[in-house]
Amino acid sequence: MTVEVSGPIGILGGTFDPIHYGHLRPALELLETLALAEVRFVPCRIPAHRDVPAITADQRLTLVQLATAEQAGFVVDDRELRREGPSYMVDTLTSLREDFGVATPLALIVGSDAFRELDTWRRWRELTGLAHIVVMQRPGAQEPFRPLLAEFIAPRVVSHVSALRQRPAGGILFQPVTQLSISATQIRALLARGQSPRYLLPETALAYIHQRGLYRSRPDAFPATS
Ligand code: ATP
């Protein structure tokens with residue numbers, strides 16, 4: 001069955017280890033500026049591109065649920081956690097395409113750091129056949145793109161948000177967002193040192209972290225158990 005929607009579906013994948021305002025504020029800005037029907041937060045099960053997370057998948061999912069609960073248009077999507085094996089975005093987009101049908105615009109949202117590594121993702125050239133890509137600028141120096149990626153990007157760049165509604169996939173939009181120099185790495189490090197990450201992430205998420213005693217030791221010291 002195909003789900004009826006009114007605008008492009010934003011898809012923000014990540015480890016969310018833990019989720020923070022550097023995810024949430026840009027996601028809200030994109031929801032509004034791009035007039036997205038929703039932003040789906042998709043926590044990955046086993047990240048394909050980084051070290052194992054410091055807490056379990058269920059705990060990361062709970063943090064995302066707590067942090068997004070109050071915002072209309074934010075949706076939590078646990079499909080990668082329900083799928084066996086590593087989380088590949090190409091599989092996730094294929095499955096979303098099945099849910100939303102061929103005509104609904106999908107917009108994969110990635111930070112500029114993650115986008116720079118796009119050519120290392122599994123079957124990366126197929127991604128724009130399945131969705132648009134919206135790149136949100138992250139603070140920090142920007143290296144030039146590797147030649148293969150630069151060649152791939154050039155003919156696909158769109159300069160206006162309206163392009164995301166004109167077809168279901170295929171465009172790459174570079175969209176400025178408020179620059180928040182916050183990373184999950186920083187939050188894990190603060191907690192491991194016994195310092196407070198308050199105001200870097202929602203209070204509800206922080207309360208859960210404290211309640212469960214998460215991230216207390218050295219960052220990434222514990223392999224995830226699920
Ligand atoms: P870590 O520090 O553990 O690598 P992270 O803070 O980068 O984690 P992820 O869950 O890996 O968080 O990021 C999910 C997505 O959100 C990625 O596309 C990433 O580029 C983007 N992102 C993360 N932090 C920010 C930020 N401060 N501003 C804009 N985009 C961000």
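**Exercise 1.** Classify Phe174 as buried, partly exposed or exposed, and describe its ring pair with Phe145.

*Solution.* Phe174 has a relative accessible area of 34% and is therefore partly exposed, where buried means under 20%, exposed over 50% and partly exposed in between, with a 1.4 Å probe and protein chains only. Phe145, at 26% relative accessibility, likewise counts as partly exposed. The model is a predicted one, in which local features need pLDDT of at least 70 and side-chain atom pairs count only at pLDDT 80 or more, while totals for chains, interfaces and linings use all residues. Residues are numbered from 1 along each chain as its sequence is written, and side-chain values use heavy atoms, with hydrogens and water left out.

The next step is the geometry. Phe145 and Phe174 form a tilted aromatic pair, 6.3 Å centre to centre and with 45 degrees between the planes; rings of Phe, Tyr and Trp (its six-membered ring) pair if their centres lie within 6.5 Å, and planes under 30 degrees apart count as stacked, over 60 as edge-to-face and the rest as tilted. Phe145 lies in the loop between E5 and H7, and Phe174 in strand E7 (residues 172-175), so the pair ties together parts that are 29 residues apart in sequence. Helices (H or I, at least four residues) and strands (E, at least two) are DSSP runs, numbered from the N terminus.

**Exercise 2.** Describe the aromatic pair of Trp124 and Phe152, and state whether each residue is buried or exposed.

*Solution.* The pair is edge-to-face, with 4.8 Å centre to centre and 65 degrees between the planes. Trp124 counts as buried at 9% relative accessibility, and Phe152 is buried with a relative accessible area of 3%. The structure holds 6 aromatic pairs, and ring pairs also link Phe16, Phe41 and Phe74 into a cluster.

**Exercise 3.** Which residues of the largest nonpolar core touch the most other members, and which element supplies the largest share?

*Solution.* A nonpolar core is a set of buried Ala, Val, Leu, Ile, Met, Phe, Trp, Tyr and Cys residues joined through side-chain atoms within 4.5 Å. Of the 39 residues in the largest such core, Val39 and Phe41 touch the most other members. The largest share of this core, 5 residues, comes from H1. Taking contact as heavy atoms within 4.5 Å, and not counting residues up to four places away in sequence, Val39 touches residues including Leu12, Leu31, Phe74 and Ile109.
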